[in-house]
Amino acid sequence: MIRRLALLCLALAVPALGQTTLNGAGATFPYPMYSKWFSEYHKAHPEIEINYQPIGSGGGIRQVLAGTVDFGGSDATMSDEQLSQAKTKILHIPTVLGAVVPAYNIPGVSGEVKFTSQALAGIFLGKITSWNDPAIAEANPGVNFPNQPIVVIHRSDGSGTSFIFTDYLSKISPDWQGGPNKGASVKWPVGLGGKGNEGVAGMIRQMQGAIGYIELIYAVQNKIPYGIVKNAAGDFVKASLESVTAAAASAPKMPADFRVSITNAPGKDAYPISSFTWLLIPAQSKDAAKGKIIADFLNWMVNDGQKMTADLTYAPLPDNVAAKVKEAIKQVH
């Protein structure tokens, strides 16, 4: 009996001795995907726990630069100036592709509303203020829009989702480019702020007349209607795995450091508000053992994790990008 108890104590003690916890923070855009990955990786490696705080891309970049996390997450690439502040080389590792969608709560309208780029820019600039404005109605013949004020909802925190959306707006609207321009945090001309994709989604659900921008999975999970957007080729395209993949395929060639924008991509089937999202990985970890685990996780993410993306409405990395990512991971130690 004593021997059995001793063996049991030993068995319980062994995992605790070898337990390693990795801490990350950043983007909410890929958070549903990352939660799934970190859980599945833990099942395969019970001795490794990966904690990730969805605090927004701005927070993820700040914490990586401060060295308070083992890795960060961002939908906005770090600037040259930010990279120059880092104590060690920071790698941008693309993980999945996603879409930002204009989600809305229009009384009496439950179907898919079509948005031209001019209409979206006008709404978020505060120039289009009612749902029955001709700029919206003309693209949607047969839809009976109410004479309801538009309530714009935007992010209150530094956000990669905001970066993607404003990057798109700055490409399609000279007024937007010359005004708020693009960034994780911009001076919004109108609207109310919500924290995280969850906060914006919640406000849209609660407020009649609201419109905001959120990552596709948050619209799907919260059952919020979202619009079809006119792309650079002149076609109205709905956000989907296929249309996000088409955006990546028709976008500029992937640079060596993976810092690329694929908004307003030229392809006929491309959804125009698409983006990669990145893990921000220090090439040299402060702890060599953690560096090895991070490299192993990243390889698992490219090989096994990509098979899980479709269930959560993210598009997997294109094969040519995945091959380049595997090469980049060799720098992590």
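**An open mixed sheet and a buried threonine**

In this predicted model, 8 strands come together in an open sheet with mixed pairing, and their order is β2-β1-β3-β11-β4-β8-β6-β7. The sheet is bounded by the edge strands β2 (48–53) and β7 (192–194), each of which pairs on one side only. On average, neighbouring strands of this sheet are turned by 25° against each other, direction ignored. As a reminder for reading such an arrangement, strands of a sheet pair through backbone hydrogen bonds, in either a parallel or an antiparallel manner.

A good place to look within the sheet is the pair formed by β4 and β11. Strand β4 (residues 90–105) and strand β11 (residues 274–282) run antiparallel and are joined by 9 bridges. Here Ile 93 is found opposite Leu 279 of β11. Helix α13 (residues 319–329) lies across both β4 and β11, and runs at about 135° to β4.

The loop between α11 (241–250) and β11 holds Thr 263. This residue counts as buried because its relative accessibility is 5%, below the 20% cut-off. Two polar contacts of its side chain can be picked out: one reaches the side chain of Lys 171 at 2.9 Å, and another reaches the side chain of Ser 261 at 3.3 Å. Leaving aside residues up to four places away in sequence, Thr 263 touches Ile 164, Asp 167, Tyr 168, Lys 171, Pro 272 and Ser 274. Lys 171 thus appears both as a polar partner of Thr 263 and among the residues that Thr 263 touches.

Methods. Residues are numbered from 1 along each chain as its sequence is written. This is a predicted model: local features need pLDDT of at least 70, side-chain atom pairs count only at pLDDT 80 or more; totals for chains, interfaces and linings use all residues. Side-chain values use heavy atoms; hydrogens and water are left out. Two strands pair if DSSP finds at least two bridges between them. Helices (H or I, at least four residues) and strands (E, at least two) are DSSP runs, numbered from the N terminus. Axes are lines fitted to C-alpha atoms, for helices over the stretch in contact, and angles run from 0 to 180 degrees between N-to-C directions. Contact means heavy atoms within 4.5 Å. Buried means under 20% relative accessible area, exposed over 50%, partly exposed in between (1.4 Å probe, protein chains only). A polar contact is a pair of N or O atoms within 3.5 Å; within protein, one must be able to donate a hydrogen and the other to accept it, and residues adjacent in sequence count only if both atoms are side-chain atoms.
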